Amino acid sequence: MDELKTPLLDELEKGEWPSFVKEIKRAAAKNPGARDLLRQLEASYREKIGHWKHGGIVGVKGYGGGVVGRYSDDPERFPHAKEFHTIRVNQPAGFFYTTKKLRDMADVWDKYGSGLYNMHGSTGDIILLGTTTENLQPCVDELADVGFDLGGSGGALRTPSCCVGQARCATACIDSMEITREITMHYQNELHRPAWPYKFKIKVSACPNDCAAASARSDLAVIGVWRDALLIDQAAVREYVNNGFNIFDRVIRKCPTAAIDWDSQKQELELRTEDCVHCMHCINAMPKALRIGKERGASLLIGGKAPVVKGAMIGWVLVPFMKMEPPFNEFKDLVDKITDWWAEHGKNRERVGELIDRIGLSVFLKEIGLPPLPQMVHAPRSNPYIFWYPEEVEKHGEK
Amino acid sequence: MDELKTPLLDELEKGEWPSFVKEIKRAAAKNPGARDLLRQLEASYREKIGHWKHGGIVGVKGYGGGVVGRYSDDPERFPHAKEFHTIRVNQPAGFFYTTKKLRDMADVWDKYGSGLYNMHGSTGDIILLGTTTENLQPCVDELADVGFDLGGSGGALRTPSCCVGQARCATACIDSMEITREITMHYQNELHRPAWPYKFKIKVSACPNDCAAASARSDLAVIGVWRDALLIDQAAVREYVNNGFNIFDRVIRKCPTAAIDWDSQKQELELRTEDCVHCMHCINAMPKALRIGKERGASLLIGGKAPVVKGAMIGWVLVPFMKMEPPFNEFKDLVDKITDWWAEHGKNRERVGELIDRIGLSVFLKEIGLPPLPQMVHAPRSNPYIFWYPEEVEKHGEK
Amino acid sequence: MARNDFGPPDYRELIPPVIQKNYGQWKYHTIPRPGVLKHVSDTGDVLYSVRIASPRLVSSEYIRSISDIADTYCDGYLRFTTRNNAEFLVSDESKLEPLIKDLVAKGYMIGGGGHSISNVVHTQGWIHCKSAVTDASGIVKDVMDELHPYFTGEIKVPARLRIAVACCVNMCGACHCSDISIVGIHRTPPRVNDELLVGRCEIPTTIAACPTGAIRPNPKTKSVEINHEKCMMCANCTVVCPAIKIMDPVNDGVSIWVGGKVSNARTAPKFSRLAIPYLPNNPPRWPEVTNAVKHLVEVWAASAREGERMGEWIDRIGWERFFEKTGLPFTDKHIDDFTHATTTFRSTTQFRF
Amino acid sequence: MARNDFGPPDYRELIPPVIQKNYGQWKYHTIPRPGVLKHVSDTGDVLYSVRIASPRLVSSEYIRSISDIADTYCDGYLRFTTRNNAEFLVSDESKLEPLIKDLVAKGYMIGGGGHSISNVVHTQGWIHCKSAVTDASGIVKDVMDELHPYFTGEIKVPARLRIAVACCVNMCGACHCSDISIVGIHRTPPRVNDELLVGRCEIPTTIAACPTGAIRPNPKTKSVEINHEKCMMCANCTVVCPAIKIMDPVNDGVSIWVGGKVSNARTAPKFSRLAIPYLPNNPPRWPEVTNAVKHLVEVWAASAREGERMGEWIDRIGWERFFEKTGLPFTDKHIDDFTHATTTFRSTTQFRF
Ligand code: SRM
Ligand code: SRM
Ligand code: SRM
Ligand code: SRM
Ligand code: SF4
Ligand code: SF4
Ligand code: SF4
Ligand code: SF4
Ligand code: SF4
Ligand code: SF4
Ligand code: SF4
Ligand code: SF4
């Protein structure tokens, strides 16, 4: 191989933060694709423009997605980046690995691809960065041999993902990892064979801290909540206070609904359960003293997504509380109703949230059979343009 | 006259609250128009439907508006309500009257009209309720003789109105009555000869309590504010506190920006002036101890209106602070710029707020020559769809 | 002799001497008793304002009667408020008690200051507007017959409460920012009189008037037709075209909205929000409406903290609790579906069960 | 032999025994030192997680290196976080200090827990995406080279701060709800290659893809033309039609947004808001972007109260003060003009001078 001149990128090997350029170079030492990626990237840095072409669909047998085709716009200059497809590999729930699993995967990828990864993609997949059309099928086959299947792309369910939940968290109200595993398995067909107007994402966070950022980036966010009183260990609260913890500034004043108060006389934390909106803050602030309640389930939020093209949305409350017990049939039924309705009414490239925006939340609720609830809105409508169905009124007396 | 049977309306003579039916009957005793109004109203109560016809423009010499034409849809049944136009008479600023003025007006109206009034219409006018086409001109002429001129209607400036302000209020930051008088006089032509796409309303409240409800119901709301520190009489504050006034619950906790605190040690009210958003609450709660600051002027809000048809709007901050000194030239210049722009770009029946909604606030600011300011928004944009003018960028390098 | 554009009477000739003298110099006020304001000036001067309820729709005789009173006690000066009450302006303290006595004797109702329910801002109704779905004056009378003790101060409320009535969705009274607002609504789409329409209405204007695009040309009749699924019964088309009618005595009715405010005190001005989508139009006493409003006032008054207006109370307890406490059903109607609907959807798990 | 639809590896086979045993029984956690979490179970068991920064874009060698470490100290178990850090899971306390020492010796950076700046969520950039306006990985490296002391805990911050980078307005990283987000933007409208377009692009689809209706057919060329006054440079048309190009190395650049969050703690999740509309695309070190972010962090850290995230701090001090304190200009670009623009306009006199 000729000498690799990347003066601009070399700058990014300096500095304290781990360097992705170093990583590309590590791969480039062994793989010509990684090497031409680096060269092409250097060109982008110099010219301030990307060098990937528009379009180009590639695939593997039995799957409608999971691979993103990518072609260099200057294959003469960067012959080994001419085809540089990524494979989206479905991650295990909670991103847990044994070193064995990781090594198995790396061995396959070194054989068929650039030896570069995103650990992980923003949706949750392991992104295997860069291989040729020819290598796709054998790579995917051998990944299967070591137990890795593809994730989603296109108008399909996308790889569900979740927070670590009960595997490590005291505040987990639901088993986020098991839910993710179960729905990923249940919806293999929807994940692997695009049949919908656009992408559909499910993310699961086991409590309202939402460490999976579910409400911001999933069409259907599953967020663990409890609906009884949170549990208070008064002795442990006193210990915080006695150790100089400023309970007023750090907790009391920050409760969004003023649902808790510290009675300095009685040295007790008082909770008005009916006002607690389970925001998590007090529990977060005093994890040794406060715990989530016992009646646990999930809130479901619909419509979260990025700005394209009607503007970004944060998921809207669709079901305030759903028990989440395996095999999660109530949840699956609802997913089916939602996706059926959306598949029927959605335009090409219209997310479910955009469709609801276009058609109206009330109509959507009616069609999937959910009751309207005040928890669904910040406030009721302020405009007087109420729609009435013909069956709700008398036939009008013509005048 | 035949017997007047109004069993339904008679019900509304009972009860404690002053009865408008009694008032109509008082007028009906002398005036056949008022009598037929009552009969027609009884019919509406029985049939649950109004009996006024659509349309019918009437007017008086030299004016393009000020009169609302009204015709009964059943003139056979209610012959004296066949024509029942209202005259919108411009009220004096602050709704102050001498009894002489009122009696003069009543004398004219008894001569030419029903003897019924709205004191006052929602815009502010004295509404003279019900006269015939024939009587309009002489009535308006004689009203002129006793010093009353017409208000506005149609695509024109509407009668400006205001709160009582400096005439009685300790919190008045501007002279709302003088401003209203001056602009009413200055804009007589715009008030009386409709030349705009739709109505345009100006209301003036002398402080942020907004007793004229200006921000909700005027296209241009003028609201008095101060921009230095509010004045504290610490002795008077102490007096409140010593008299058992719960300053924490009633004041400190209600300041929207936590700009004030009560130092129980020092027995002093502490103000962080830079955080005070002049909401008025603390002054309202302790009028003997707190007063508005010394550097006074007005905030101007644009776009307030009722729901028709793009939805209701509450006025948006356009000018955070404008000195308001007679003859208010800076203000008038701005009104001219706004109405010129609106007259040029507005569609028929499009309020200025709706036009801004359609065209964009930034463009509007640019065209009337006002700078964009953070006070104009609750928060900057969240969507990434920023518009750039060609002159702001280089000619792009075609690739 | 006709003159034009001379403008309204000049307030400077209509304000009493004590105001002339102390203009801009008022120091503070107190409310010595319900409906009576005492304003004290930096000069030491004092002005009492005694406020009475007015039906707003008044006769010449009424005007002359209150003028008589103002002549006797107020040197002939009086004013009206922005909510259509009348105010007697007394600078001579010795005349205050006699004035109040006289007003009471003559049956005027004093009240409306401070934390109270003041007069109801309202609109024309069947009395004078062609668009009226209901009668504003009648509803005001009914509601205030029930609520007048909150006006006179006989029953205390935690904060001021503003009620407004509008006879149609044009909301002339600026209902859209009231603590409680009562608004006439349609529930059936308009009907087109094809024969009348042709020639009488400009079809493009009519089509353009519809905010939801529900009106399309009907080539067969050369008139227009209305897509019922899209129509939100705003009546805007009826304003531009007299051949389109929307009045429907059987189905038209009254809706109730809560939690709006105008002042900037504590919280920003805000819109009223739908509480009850429909109550029947039931003259002359509108019992369903009157009871609903009374109930809302009572639930609020019992649960709100001192100084907490309707909307602030709801903000504190949450809309979930509002519907629970008032026993009102939350329905599909409450969920916004107009332009900015999505901004009203709750995008957080912060809610009450 | 190919199999289909067997799904991802089962987490139950990938979690360490201590987690298997204590699954769902964790009681509380502490953060004994930056980047180290200690989770205590109801059973008394303890789990330490040691978190290291990762560039996210890694090589097979990296994967093998961290696997070696996990084999030595963690019985072969490790995980990644939702923000792409790697975590070593230690159940045997005696291995904790040796692990940390080894990590430090090998040059890994430990940090990111509690009140800190964690790893930067980001996207493909020029490395793999055809839509990329800028390079996400490069900007992350530059920004974190500056800010790493906030990751390691060397410099304290008042609260957690999340930074995200997206290389175009598609915002794959969910930048739209980050404390600070860095987004690549276009500033010139797309250009149409008429010859290429004809036959290659479906014109109706292309027209429909434009949210502002800026694209219309061009009968002369049988292609389309773009109304520059309406185009908001969203690039959506370029996704559906390869003959429309928007990349512009001279004018493309980077914007900075602040105050978003995702968690429901204290305040509801909220969108990031525009702080800086444009900074030049200046690889490899993007000094303008790096400095701007650093400046924002420093102003926030100096002025926010304990526990106050960027957006909560701005809520308290007001956007007026935010622009004042940061010295950033407020411009026409900051004023929303998209669908729900009017809901962002300030409809109250409550503001700071
Ligand atoms: C790889 C990844 C970014 C990354 O570096 O991590 C990615 C990459 C692309 N995204 Fe994304 N998105 C990725 C996660 C996201 C996320 C985050 C998430 O899923 O949690 C979002 C925001 C949430 C959402 O879905 O709204 C996201 C919002 C978008 C959008 C805007 C969608 C919208 O409705 O607003 C587009 C545009 C589109 O679909 O046309 C898009 C499109 C794309 C495309 C397919 C653009 C294209 O046509 O080339 C990118 C392919 C890049 C490539 O060459 O691989 N990507 N994209 C992420 C997927 C990896 C994975 O499978 O794990
Ligand atoms: C008389 C009055 C109600 C009252 O009883 O007080 C009134 C009565 C009418 N209003 Fe109004 N509006 C009256 C104040 C208002 C206000 C309040 C204000 O001005 O402070 C508003 C809300 C503020 C605003 O302007 O938005 C108001 C918002 C409307 C609207 C909705 C406008 C909008 O853009 O949303 C309409 C509909 C229209 O213009 O087509 C309307 C239309 C009408 C019409 C002209 C409807 C019609 O075509 O018949 C009514 C004539 C009734 C009549 O027969 O006299 N009126 N109207 C008020 C005028 C009296 C006066 O001059 O003092
Ligand atoms: C007389 C009047 C002005 C006028 O030019 O006519 C007026 C006069 C005063 N207002 Fe007002 N307000 C008047 C309509 C209003 C309105 C407009 C309306 O109701 O349509 C508002 C906005 C209402 C809203 O927010 O929806 C209004 C919001 C206030 C407030 C703020 C209330 C709050 O939200 O806390 C104050 C402060 C206070 O009461 O402490 C106030 C205070 C006052 C004071 C105390 C000011 C003063 O120092 O004199 C005056 C006596 C109030 C009282 O009645 O207790 N005034 N005041 C109006 C009487 C109407 C009536 O007959 O009831
Ligand atoms: C490991 C991880 C979950 C996972 O499955 O990977 C995780 C783990 C924990 N989170 Fe988280 N959060 C993780 C991403 C998030 C995210 C998502 C994100 O950043 O993209 C959020 C939402 C961020 C946002 O609002 O923008 C998040 C918001 C929280 C919060 C609420 C923060 C707040 O706004 O006050 C807490 C509570 C706290 O820290 O007190 C929390 C608390 C925790 C606790 C303390 C829970 C526990 O008892 O173990 C965990 C250790 C936190 C720490 O790092 O100090 N976690 N946490 C994620 C680590 C990411 C990283 O590498 O930095
Ligand atoms: S969302 Fe809750 S349960 Fe899940 S990782 Fe975060 S804090 Fe733990
Ligand atoms: S969880 Fe949140 S809302 Fe509930 S008491 Fe604690 S701080 Fe308040
Ligand atoms: S707005 Fe202010 S100045 Fe005007 S009447 Fe009300 S309290 Fe007085
Ligand atoms: S006027 Fe309002 S914002 Fe200012 S200190 Fe008083 S209560 Fe606070
Ligand atoms: S609210 Fe409607 S019906 Fe009532 S006066 Fe106004 S326009 Fe007429
Ligand atoms: S009532 Fe309103 S929505 Fe219905 S057709 Fe007429 S204008 Fe359109
Ligand atoms: S943010 Fe844009 S450029 Fe970056 S990966 Fe996503 S789609 Fe591609
Ligand atoms: S960039 Fe966006 S706004 Fe501009 S023409 Fe293309 S789709 Fe339309």
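**The chain A–chain C interface and two ligand sites**

Across the interface of chain C and chain A there are 23 residue pairs in polar contact, both partners at pLDDT 80 or more; a polar contact is a pair of N or O atoms within 3.5 Å, where within protein one must be able to donate a hydrogen and the other to accept it, and residues adjacent in sequence count only if both atoms are side-chain atoms. This is a predicted model, in which local features need pLDDT of at least 70, side-chain atom pairs count only at pLDDT 80 or more, and totals for chains, interfaces and linings use all residues. Residues are numbered from 1 along each chain, chains are lettered from A and ligands numbered from 1 in the order written, and side-chain values use heavy atoms, leaving out hydrogens and water.

The same pair of chains has three salt bridges (a side-chain nitrogen of Lys or Arg within 4 Å of a carboxyl oxygen of Asp or Glu). Asp275(A) pairs up with Arg352(C) in a salt bridge, with the closest N and O atoms 3.3 Å apart.

As for contacts (heavy atoms within 4.5 Å), 50 residues of chain C touch 51 residues of chain A. Of the area that chain C buries against chain A, Lys333(C), Arg346(C) and Phe353(C) supply 14%, more than any other three residues; buried area is the accessible area (1.4 Å probe) that two parts lose on being put together, summed over both.

Now to the ligands. The iron atom of ligand 4 has a single protein donor, Cys211(A) (SG), at 2.2 Å (donors are N, O and S atoms within 2.8 Å of the metal, or 3.2 Å for Na, K and Ca).
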